[in-house]
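Here are some short exercises to work through with the sequence and the 3D view side by side. Try each task yourself before you read its solution.

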Amino acid sequence: MAYDERLADRVREYLFEVGQLEVEEKAMFGGLAFLVNEKMCVNVSGTKLMCRYDPELVEEVAEVNGFQSMVMKGRVYKGYCYVSAEAITTKREMAYWIDLCLDFNEKTKSSKK
């Protein structure tokens, strides 16, 4: 699956502005994943963001404009969601979602290689 290059550029730019992050880009989940400190943080999939966030925040996050549960093979993945492109047109909207992912990234452990 192709991914939105402009959206990927916006994510890349935001992560660069945050600074002090070890960021790696990798093809994953049919799109482009941004790994922060060797952990999947956010992904550009088609025209959407795929976000990894603290599953304990699901009720709060589900109320935010653009939220879509991540469902694969009939299973809802807790702590993951899609965000429609229409809901992240401003830098402030983009910041909300990426900061949510970065906050969880600090708490989680990296997968064994």
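The exercises below refer to this predicted model.

**Exercise 1. Helix α1**

Task: Find the buried residues of α1 and decide where around the helix axis they sit.

Solution:
- Start with the extent of the helix: α1 covers residues 5-18, and its 14 residues reach 20 Å from the first C-alpha to the last, close to the 20 Å expected.
- Next, pick out the residues under 20% relative accessible area. In α1 these buried residues are Leu7, Ala8, Val11, Tyr14 and Leu15.
- They cover an arc of only 125° around the axis, so they lie on the same side of α1.
- An α-helix has 3.6 residues a turn, so residues three or four places apart point the same way.
- Now turn the helix around: the face away from the buried side carries the exposed residues Arg6 and Phe16.
- Finally, look at what covers the buried residues of α1: the cover includes β1 (23-28), β2 (31-36), β3 (39-45), β4 (48-52) and α3.

**Exercise 2. The two ends of α1**

Task: Which contact is found at the start of α1, and which residue just after α1 takes a positive phi?

Solution:
- At the start of α1, a side-chain oxygen of aspartate 4 comes to within 2.9 Å of the backbone nitrogen of arginine 6.
- Just after the helix, glycine 19 has a positive phi of about 75°.
- Keep going to glutamine 20, in the loop between α1 and β1. Its phi is near 55°, a positive value in a residue other than glycine.
- Glutamine 20 has 84% relative accessibility, so it counts as exposed.

**Exercise 3. Phenylalanine 29**

Task: Describe the backbone and the exposure of phenylalanine 29.

Solution:
- First place the residue: phenylalanine 29 is in the loop between β1 and β2.
- Then check the backbone: phi is near 55° for phenylalanine 29, again positive in a residue other than glycine.
- At 42% relative accessibility, phenylalanine 29 counts as partly exposed.

**Exercise 4. Methionine 50**

Task: Is methionine 50 buried or exposed, and which residues does methionine 50 touch?

Solution:
- Methionine 50 belongs to strand β4.
- Its relative accessibility is 0%, so methionine 50 counts as buried.
- Leaving out residues up to four places away in sequence, methionine 50 touches Phe29, Met40, Val42, Asn43, Met70, Tyr80, Cys81 and Tyr82.

**Exercise 5. The β5–β6 hairpin**

Task: How many bridges join β5 to β6, and how many residues lie between the two strands?

Solution:
- Strand β5 (residues 67-72) and strand β6 (residues 75-83) run antiparallel and are joined by five bridges.
- Follow β5 to methionine 72, which stands opposite arginine 75 in β6.
- The two strands form a hairpin with two residues between them, and lysine 73 in the turn has a positive phi of about 55°.

**Exercise 6. Asparagine 105**

Task: Work out what surrounds asparagine 105 in helix α3.

Solution:
- Begin with the helix: the 17 residues of α3 should span 24 Å, and its end C-alpha atoms are indeed 24 Å apart.
- Among the buried residues of α3 are Trp97, Leu100, Phe104 and Asn105.
- Asparagine 105 has a relative accessible area of 3%, so this polar residue is buried.
- Its side chain reaches the backbone oxygen of valine 36 at 3.2 Å.
- Beyond residues up to four places away in sequence, asparagine 105 touches Val36, Asn37, Lys39, Met40 and Cys41.

Note on methods. Residues numbered from 1 in each chain as written. Predicted model: local features only at pLDDT ≥ 70, side-chain atom pairs only at ≥ 80, totals over all residues. Heavy atoms only, no water. Pairing = 2+ DSSP bridges. Helix = DSSP H or I, 4+ residues; strand = E, 2+ residues; numbered from the N terminus. Buried < 20%, exposed > 50% of the residue type's maximum accessible area, 1.4 Å probe, protein only. Polar contact = N/O pair within 3.5 Å; in protein donor to acceptor, adjacent residues only side chain to side chain. Contact = heavy atoms within 4.5 Å. Expected span 1.5 Å × (residues − 1). Arc of directions from axis to C-beta.
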